[in-house]
Amino acid sequence: MEARKGGWMTHLYRLLLIFSSISLTVAIFLVNKGVSILGDVNAWALKNLPHMPVMEWSPPDALLTSMSYILYFLACLFISSSGFFATRWLSEERVDEASFKSIELVNDTFLPIYLAYFFVALSTTNYLSFFLIFGLVLVFVYRSGGAYFDPIYVLRGYKIYAAISNKDVKSYIITKKILKGVGDLKFEGLRRVNDFTFIEIGVTK
């Protein structure tokens, strides 16, 4: 794996993937605050569009709130799917398995990171504080080049592995495959996210 400079699509994808990886914190924050966006829209419509036929039936607040919560998580799934779709425009990559000496599954390593994000979402008391923290996390993660693993990818069956090169350089590989050793480092459709993070698309286990 040779280092290359990414184009604008690569940078856009990185930003999308990072936003996707922490977007669940927004959904959790809105649910924790009891924000019902559909309820707010319905209240506005009843007040400002009283003669619209669609507004003759007013759904119960509990139903609108539940639908709003579902909508937040569907939005996270949409963002994640958009990031996954965009991987096809990233540069292709080839792996020389002889240049690596070990590989390990590191899904659990990223779990405390996302739990910390969720705790922030649950403990933040106001919108300004939350979105300020969210923005700072977004910038720091982008600049550090880490935490590219979207937790929603777990639902797609993806895993993240740390491959250690013969020069003790660690690279992260996101794939559906089960990798038991460096001999399994053979991929089709491998894409470069950054110099140390790669994702394989369009394959099965």
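Follow the chain from its start and you meet the pattern α-α-α-β-α-α-β-β-β-β. That gives five helices and five strands, taken from DSSP runs (helices: H or I, at least four residues; strands: E, at least two) and numbered from the N terminus. This is a predicted model, where local features need pLDDT of at least 70, side-chain atom pairs count only at pLDDT 80 or more, and totals for chains, interfaces and linings use all residues. Residues are numbered from 1 along each chain, and side-chain values use heavy atoms, without hydrogens and water.

Now show the whole chain: of its 205 residues, 40% count as buried, meaning under 20% relative accessible area with a 1.4 Å probe, protein chains only.

Next, select Tyr13, Leu30, Phe130, Tyr153, Ile174, Val193 and Ile199. Within the 34 residues of the largest nonpolar core, these touch the most other members. Such a core is a set of buried Ala, Val, Leu, Ile, Met, Phe, Trp, Tyr and Cys residues joined through side-chain atoms within 4.5 Å. Colour α1 (8–32), α3 (61–86), α4 (107–123), α5 (127–144) and β2 (159–165), the elements that each give two or more residues to this core. Which of them gives the largest share? It is α1, with 10 residues.

Zoom in on Phe130. Beyond its neighbours within four places in sequence, Phe130 is in contact (heavy atoms within 4.5 Å) with Thr25, Val26, Phe29, Ala121 and Thr124.

For the last stop, pick Val95, Tyr161, Ile173 and Phe187. They are among the 11 residues of a second, separate core.

Note on methods:
Buried < 20%, exposed > 50% of the residue type's maximum accessible area, 1.4 Å probe, protein only.
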